[in-house]
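Open the structure in your viewer and keep the sequence beside it, so that each stop on this tour can be selected in turn.

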Amino acid sequence: MSKAEKTRQFIIEKTAPIFNQKGYAGTSLTDLTEATGLTKGSIYGNFENKDEVAIEAFKFNVKKLQDTFKTEIEKKSTYKEKLLVYPTIYSEYFTKLFLNGGCPILNTAIEADDTHPVLKEAANNAILSWKNQIIFAINKGIDAGEFRAQNIDPEATALSIIATIEGAIMITKLSGKMNNLSTIMLCVQKLIEELV
């Protein structure tokens with residue numbers, strides 16, 4: 001990795017939590033310079049503009065989340081166990097997520113849906129990727145005979161899992177009540193268990 005690449009990566013890693021906590025509009029250039037200890041010129045010498053930093057920071061935040069899931073999913077042997085990683089991780093990871101501003105996909109989707117087309121597309125791509133991973137696991141579970149083949153719509157199930165998890169995060173953040181998260185994650189677990 002070249003010095004320029006290392007500097008870009010440093011800027012992304014230091015600013016990613018700020019963008020996730022404050023959002024794109026709420027994050028100022030001063031926030032970026034304070035987080036990195038770099039000058040405005042150093043930041044814009046490595047990125048075209050704030051948009052580029054925000055997009056790379058979003059991708060970094062999502063990759064961290066995806067890597068957490070991937071590591072745990074790879075440890076599981078059945079497709080049911082693999083799918084149950086999602087509600088389990090979100091339940092266990094919530095405090096860390098909460099301290100870092102919440103789910104980067106949810107935060108970015110809500111902020112960018114009407115205001116920032118490029119970030120909206122990045123958030124949409126993250127949801128589509130997640131949806132496709134769940135569909136793949138459901139289809140593999142059906143092929144393996146682990147899930148029943150009839151009356152299962154993999155796409156509808158995947159979207160229901162994602163919507164319920166993201167809704168749980170929103171409700172828990174708004175209410176500040178962790179029991180809401182636990183209650184809703186039990187619904188996600190039930191949805192997955194009903195595939196068998």
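**A tour in five stops**

Begin by selecting methionine 170, which lies in helix α8, the run of residues 154-175, and keep in mind as you look that the whole model is predicted. With a relative accessibility of 36%, methionine 170 counts as partly exposed, because that value falls between the 20% below which a residue is called buried and the 50% above which a residue is called exposed. Now add Ile171 and Leu174 to the selection, and you will have a nonpolar patch on the surface, made of Met170, Ile171 and Leu174, whose accessible area together is about 300 Å².

Stay with helix α8 for the second stop and select glutamate 155 together with lysine 131, whose side chains form a salt bridge in which the closest N and O atoms are 2.8 Å apart. Glutamate 155 belongs to helix α8 and lysine 131 to helix α7, so this pair ties together parts of the chain that are 24 residues apart in sequence. What is the accessibility of each partner? Glutamate 155 is partly exposed, with a relative accessible area of 39%, whereas lysine 131 counts as buried at 11%. Side chains of opposite charge can pair when their charged atoms come close.

For the third stop, move to the loop between α7 and α8, where asparagine 151 has its place. Asparagine 151 is exposed, with a relative accessible area of 77%, and its backbone deserves a careful look, since its phi is near 65°, a positive value in a residue other than glycine. Most residues other than glycine have a negative phi.

The fourth stop takes you to two further salt bridges, and the count for the model comes to 6. Select arginine 8 and glutamate 52, whose side chains meet in a salt bridge with a distance of 3.3 Å from N to O. This pair links distant parts of the chain, with arginine 8 in helix α1 (residues 3-26) and glutamate 52 in helix α4, 44 residues apart. Arginine 8 is partly exposed at a relative accessible area of 25%, and glutamate 52 counts as partly exposed at 25% as well. Next, select lysine 63 and aspartate 67, which form a salt bridge whose closest N and O atoms are 2.8 Å apart. Where do these two residues lie along the chain? Both lie in helix α4, 4 residues apart, which is about one turn of the helix. Aspartate 67 counts as partly exposed at 33% relative accessibility, and lysine 63 is partly exposed too, with a relative accessible area of 46%.

Finish at the largest pocket, which holds about 320 Å³ of space. To find the pocket, select Phe69, Lys70, Ile73, Tyr86 and Gln133, which are the closest to its centre of the 19 residues that line it. Colour the helices next, and you can follow the elements that give two or more residues to this lining, namely α4 (50-74), α5 (79-99) and α7 (117-143). Which of the elements gives the most to the lining? Helix α4 does, with 8 residues. If you then colour the lining of the largest pocket by residue type, you will find that its residues divide into 13 nonpolar, 2 polar and 4 charged.

Methods:
Residues numbered from 1 in each chain as written. Predicted model: local features only at pLDDT ≥ 70, side-chain atom pairs only at ≥ 80, totals over all residues. Heavy atoms only, no water. Patch = residues over 30% accessible without salt bridge, like charges linked within 9 Å, V, L, I, M, F, W, Y side chains within 5 Å. Areas by Shrake-Rupley, 256 points an atom, 1.4 Å probe, with all protein chains shown as cover. Salt bridge = Lys/Arg side-chain N within 4 Å of Asp/Glu carboxyl O. Buried < 20%, exposed > 50% of the residue type's maximum accessible area, 1.4 Å probe, protein only. 1 Å grid on protein atoms, 1.4 Å probe; cavity = no way out; pocket = protein on both sides within 12 Å on 5 of 7 lines; lining within 4 Å. Points joined across faces, edges and corners; volume = space filled by probe spheres on them. Nonpolar A, V, L, I, M, F, W, Y, C, P; charged D, E, K, R; others polar.
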